Amino acid sequence: MTDIPIDNMLMDFGIAYNEYPNARNALFEWGVIQRSPHRANIAGSKSCLAREVLTAAFLWHCNNGDCRQAANKDADGYGDLPPLLVVKQSECDICGGKPSARSLDEMSAALAAAGRSRILVVGGTERKEREIREKSPPCVEWRFVDGKVARDDRYYRPDRNWAEIIVIWQSTPLDHRVSAHFDGKGDRRVITVRRRSIAALAGEITGHVRRR
Ligand SMILES: [Zn+2]
């Protein structure tokens, strides 16, 4: 595959122009860009990896005031404050370009149409759980599994049996010793959400039940 300009790649990701130096430094630290963070080009085949690294390294948020505020408070759930990265709205981890309440409404309608209501979320933070419970229509039933404390399989069994949809919420505090109890191969209830926003979570669930 041919090389592509790093700045174009960052623009495609929706990253704000004044954040390019931060993004480049992170890519350099993680070895995705080699020799110097100021290089012009990167192998096109690395763009997927670059996005993964930047998603893991930063909390992506848009410039809308509520999102900025929420991004700054996100430290509550994550321990250390993840470095922030300003991106365009559609890529925002907080609002996902869409109010979370609206995406939860869409999700609820899709679930109702599919005759499902019981969602088990593995991972996430207390803040996210509160917000989901507040904004979600009442006909959706939620249970949450703390991703930080690994327990015996017996502990998880009742929730696992109860769930109609199991969401593995990556990029939130989630120990693989916890998620390992849920991501059984071939379990068609399981979906993996890689982005942190509630809108992304709801959107993935909507897509999942519509596909089936
Ligand atoms: Zn936003």
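Here are legends for four close-up views of this predicted model. Local features are held to pLDDT of at least 70 and side-chain atom pairs to pLDDT 80 or more, while totals for chains, interfaces and linings use all residues. Numbering runs from 1 along each chain as its sequence is written, and side-chain values use heavy atoms, with hydrogens and water left out.

**View 1. The two domains, side by side.** The domain assignment splits the protein into domain 1 (3-91) and domain 2 (100-211); such bounds come from an automatic or database assignment. Take the C-alpha centres of domain 1 and domain 2, and they sit 26 Å apart.

**View 2. Where domain 1 meets domain 2.** Here 13 residues of domain 1 are in contact with nine residues of domain 2, contact being heavy atoms within 4.5 Å. Together the two domains bury about 820 Å², 43% of it on carbon and sulfur atoms. That buried area is the accessible area (1.4 Å probe) lost when two parts are put together, summed over both. Don't go hunting for salt bridges between domain 1 and domain 2: the count is zero, taking a salt bridge as a side-chain nitrogen of Lys or Arg within 4 Å of a carboxyl oxygen of Asp or Glu. There is one residue pair in polar contact across the interface, both at pLDDT 80 or more. A polar contact is a pair of N or O atoms within 3.5 Å; within protein, one must be able to donate a hydrogen and the other to accept it, and residues adjacent in sequence count only if both atoms are side-chain atoms. On the domain 1 side, α3 (47-57) and α5 (75-78) each chip in at least two residues. Helices here are DSSP runs (H or I, at least four residues) and strands likewise (E, at least two), numbered from the N terminus.

**View 3. Zooming in on Thr-55.** Thr-55 belongs to helix α3. Its relative accessibility is 19%, so Thr-55 counts as buried (under 20% relative accessible area, with a 1.4 Å probe and protein chains only). The Thr-55 side chain reaches the backbone oxygen of Arg-51 at 2.7 Å. Leaving aside residues up to four places away in sequence, Thr-55 touches Trp-60, Arg-194 and Arg-196.

**View 4. Cys-95 and its neighbours.** Look for Cys-95 in the loop between β4 (84-86) and α6 (100-114). Cys-95 is buried too, at a relative accessible area of 10%. With residues up to four places away in sequence set aside, Cys-95 touches Cys-62, Cys-67, Gln-89 and Ala-199. Glu-19 is 76 residues from Cys-95 in sequence and 19 Å away in space, C-alpha to C-alpha.

Key:
Buried means under 20% relative accessible area, exposed over 50%, partly exposed in between (1.4 Å probe, protein chains only).
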